[in-house]
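Here's a friendly walk through one protein model. Take a look at the sequence and the structure first, and then we'll go through some of the side chains.

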Amino acid sequence: MKTTPDMPRTILTSLILATILNAGSLHSTETTPQKPDVPTRESVLLDSGWKFMRYANESDADAWIYDVLPDDRSNSWDALPADAKPTEAVRIESDTFVLKPWILPTGNAFIGDPSKRHKRPEGSPGEDFPFVQKDFDDSDWDDVTLPHDWAIKGPFYEGDDAPIGGGMGRLPSHGTAWYRRQIDIPQSDDGKSIFLDIEGAMSYAMVWCNGQLVGGWPFGYASWRLNLTPYLHPGEVNQLAIRLDNPPNSSRWYVGGGLYRDVWLTKTHPIHVPQWGTKITTPEASEDRAAVTIEVSVSNDSPEAVEADISTRVFTWDPDARKPGIEVLLIENAGVKLEANRTATCTGSGTIDKPDLWQPLPASSANLYVAVSEIRVNQLVVDRYETRFGIRSLEFNPKRGVFVNGTHVPIRGVNQHHDLGALGAAFNRRAAERQLEILRDMGCNAIRMAHNPPAPELLRLCDEMGFMVFNESFDVWERKKTGLGFHLIFPDWHEQDIRALVRRDRNHPSVIIWSTGNEVGEQYTDADGAAIASRLSDIVREEDPTRPTSASMNWAKPDMPFPRAMDLISLNYQGEGIRQDPIFEGTDRIRTPPMYPEFHAAFPDKVIVSSESASALSSRGSYLFPVTAGKTSPIRDGMGGNSTTSEVSAYELYAVDFGSSPDVVFEKQDQNPYVAGEFVWSGWDYLGEPTPYYNARSSYCGIIDLAGFPKDRYYLYQARWRPDLPMVHILPHWNWPDRIGEVTPVHVFTSGDEAELFLNGKSLGRNKKGPFEYRLRWDDVVYEPGTLQVVAYKDGDKWADSEVSTTGPIAKIAMIADRDTIRSDGKDLSFVTVRMEDENGRFVANAQSLLSFEIEGPGEILATDNGFPADFTPFPSTTRKAFNGLCLVIIRSLPGQSGEIRLYARAEGIPGSSTTIHSDP
């Protein structure tokens, strides 16, 4: 059988044989061994030295495919409502040669039943293909640094017939691409076990080493490992080649493309702890005492049986030095006999007196420990493996909600997609940290990872910052939401994907709930769907019985079999009701009355949480008239929406058809206090899914816009989630030259209980919040230029005040960097807010000035943004309009270069401005 597809003519004509030595820099992240002659593990970050090529046209792509996919490349999926009923998958039969049989064995370690593991066929398909050869000339390929998102630079696709529509962000994420990198394996590594660890590759990844097909993983959000040992040549330069294939219509949001998370080379002794080979639990955890149990797996990659001793030392974790601190516990595990090419597990336990407990926000005491497990053979340390963890107890009370360390902690959470706005899917620690910081200041204490495994570093940030995590695996199971989605691989890969997720993340104290799916189509298939839900929950419990499982439901009802499969009831929008407005009477869409009481009555022993709430929509700083008199409203032209300008009113009363305003959500939760809390859809705007205007490129549902600027809704949540913070926020802005004499409603968000509003010094009345009221409204204010002032009160005492004024014309550009000193590592970032002001320094909230930016010194402008979902200016552009007075510039340091970075901003008819950022080693 011929296993080498014909190579495209465009590639054949460009081949030039050459020998290229381009190993790049290797950065060890581990300490040196205690004895120089004893090899311990080394983790090498493969971030630099990569070559990248993406086929310009799908017709030019090579034929080394994972599997044959359905022919579904239209943008018809954009026309479907977000809660449309998933439909049966399209299955096709083909005699096309595919690499799937060679890739499936990569997941064998995560298949529980040995009889169901896959046997690799003979041969190595693709071994003669030029891209996998060491001597292929890739000098005309792009030089890239990982993490890398090939799509984020754009340009954006516009129009109805775009290859990628609004649902997936209108960026060129689709297509086939290759990454190549040479790695220098010294002779001293001979005899070691060497692995390639990929934290995320979008998608259908397949890896060759020195021309031999090693394996791969199709799910783009998974983290996975390949054993390179049999394919490497110590003492030589070795060639890696990675092929990715990103279908269009594979998701309902922006997926990005490429090796978008870290890639590592891990070197160990043949006797070593395997990937994610420890499991730490704290069956007893209090301020007085903690019981710590650790399971350590040990693999023997050698051809002979050996005996190994295992011990684990537990240290406090020093967050500033980012290394172990004081030793607090020694656990001597029993010795274990390891058969050749087998893995064994042993368990040990001990106690820690007066432990430092991991406490979630708002307690702000996210204490961590690190367990250092040592493997000894013949009294010599052959492996040392570190596991960070936290000590905390977790209780789910169906009448009151979640308790951590015996303290009731209401869930004040948000949903987050994986992109980082203008930076795309390529993970950056500082960008993710900034997102969490802004959410924390709002009062948020929990994150739902919607709807896929997150970057490992994001969970480490949640551990360190005290966020609780609702960790999710899939958006689809077997039934489809988009034509080329991951439902196509679910039958073959669901067990491997979900076991890998739980093993990777089970030691994170931040993780409190496992989710096996989101609004899956199997809600509609009665007992058959419930059987899949039960199967997935059973897999999770096998890997980690210490946390509850769930699958979020937007349709399944209490009398159906589906929710019985869950440990925890997680509802999307059903708690406050779906499409209850009279406008939806007679439609065939999902219509559901508020369902908290029904679920509570049917499952009195299960905690209920709102896994998606609200889905309110707004464009930051855009106020449209008239304003609804109700607590919530769907969006139509003239009802909070303007399809011509692609804007949604920022009065924060408007929501997607199946959602509702925060006011309604708060009311239903307060009426049903047994509900553990909510995860708002969504914390930040994200790329893709731009309901209600799919001609745009990013969402409207965030509490914070894509650039990181809080919308008015931010202060409504802050008022609720931080009731002890004296604050009051007033909207709208007061620059309305075309509305003089017209009614312009004024709304106030405050953590107080009443407030008095003044216009140009005249009182417009003092309003008090009534039962189930969360904002104060003055809906009959007649606009006149001047100053609006609000004074808030709590328990009769003055609590906070604020004002907005009619400004003069734009007179200056203010720039405020979130950090004026960054590290010169080529990864650290400074986010610079650009704000349009009048001559008195007042914010001109309706300014739309065109800005241009320049930079000097050891930094670069990585991206700009303004938070407007319909702005198609490419993110790397150094010119951009302010949107409603604000713009963002993202500065990145240059690696190894320190000094002063100076950013300049200019706009026509306005004096220029500059700010300075220091880049330090």
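The side chains of R252 and D475 meet in a salt bridge, at 2.8 Å from N to O. A salt bridge here is a side-chain nitrogen of Lys or Arg within 4 Å of a carboxyl oxygen of Asp or Glu. R252 sits in the loop between β10 (236-246) and β11 (263-268), and D475 sits in the loop between β27 (468-472) and α5 (490-505), so the pair ties together parts that are 223 residues apart in sequence. Helices (H or I, at least four residues) and strands (E, at least two) are DSSP runs, numbered from the N terminus. R252 and D475 are both buried. Buried means under 20% relative accessible area, exposed means over 50%, and partly exposed is in between (1.4 Å probe, protein chains only).

Before going on, some ground rules: this is a predicted model, where local features need pLDDT of at least 70 and side-chain atom pairs count only at pLDDT 80 or more, while totals for chains, interfaces and linings use all residues. Residues are numbered from 1 along each chain as its sequence is written, and side-chain values use heavy atoms, with hydrogens and water left out.

How confident is the predictor? pLDDT is its confidence in each residue, from 0 to 100. The mean for the chain is 94, and 96% of the residues reach 70 or more. Over residues 1-37, though, the pLDDT is below 50, and this stretch has 69 contacts in the model beyond near neighbours in sequence. A contact means heavy atoms within 4.5 Å. Where pLDDT is low, the predicted coordinates should not be read in detail.

Back to the charges. The count comes to 63 salt bridges, and here are three of them, with their closest N and O atoms.

| Salt bridge | N to O distance |
|---|---|
| R252 and D475 | 2.8 Å |
| E457 and R460 | 2.6 Å |
| R819 and D828 | 3.0 Å |

In the R819 pair, R819 is partly exposed at 21% relative accessibility, while D828 is buried at 1%. Salt bridges that share partners also join E495, R499, R503, R506, R535, E542 and E543 into one network.

The E457 pair belongs to helix α4 (residues 456-465): its two members are three residues apart, which puts about one helical turn between E457 and R460. E457 is buried, with a relative accessible area of 15%, whereas R460 is partly exposed at 25%. Eight of the 10 residues of α4 are buried, so the helix is largely enclosed by the rest of the structure. Among those buried residues are P456, L458, L459 and M465. Just after α4, G466 takes a positive phi of about 90°.

Helix α8 (residues 662-671) tells a similar story: eight of its 10 residues are buried, so it too is largely enclosed by the rest of the structure. What do the buried residues of α8 pack against? They pack against α7 (596-602), β31 (608-614), β35 (677-681) and α9 (712-721).

Now for the rings. The whole structure holds 44 aromatic pairs. Rings of Phe, Tyr and Trp (its six-membered ring) pair if their centres lie within 6.5 Å; planes under 30 degrees apart count as stacked, over 60 as edge-to-face and the rest as tilted. W178 and W208 make a tilted pair, 5.3 Å centre to centre with 35° between the planes. W178 lies in strand β5 (residues 175-185) and W208 in strand β7 (residues 205-209), so the pair ties together parts that are 30 residues apart in sequence. Both W178 and W208 are buried. Ring pairs also link these two into a cluster whose members include Y55, W64, F97 and W141.

W178 turns up again in the largest nonpolar core, which has 195 residues; W50, W178, Y179 and W477 have the most contacts inside it. A second, separate core of 29 residues includes A290, V296, C346 and F389. A nonpolar core is a set of buried Ala, Val, Leu, Ile, Met, Phe, Trp, Tyr and Cys residues joined through side-chain atoms within 4.5 Å.

One last tryptophan: W514 is in strand β28 (residues 511-518). W514 is buried, with a relative accessible area of 1%. Not counting residues up to four places away in sequence, the residues W514 touches include N471, L501, R506 and P548.

Conventions. pLDDT = per-residue confidence, 0-100.
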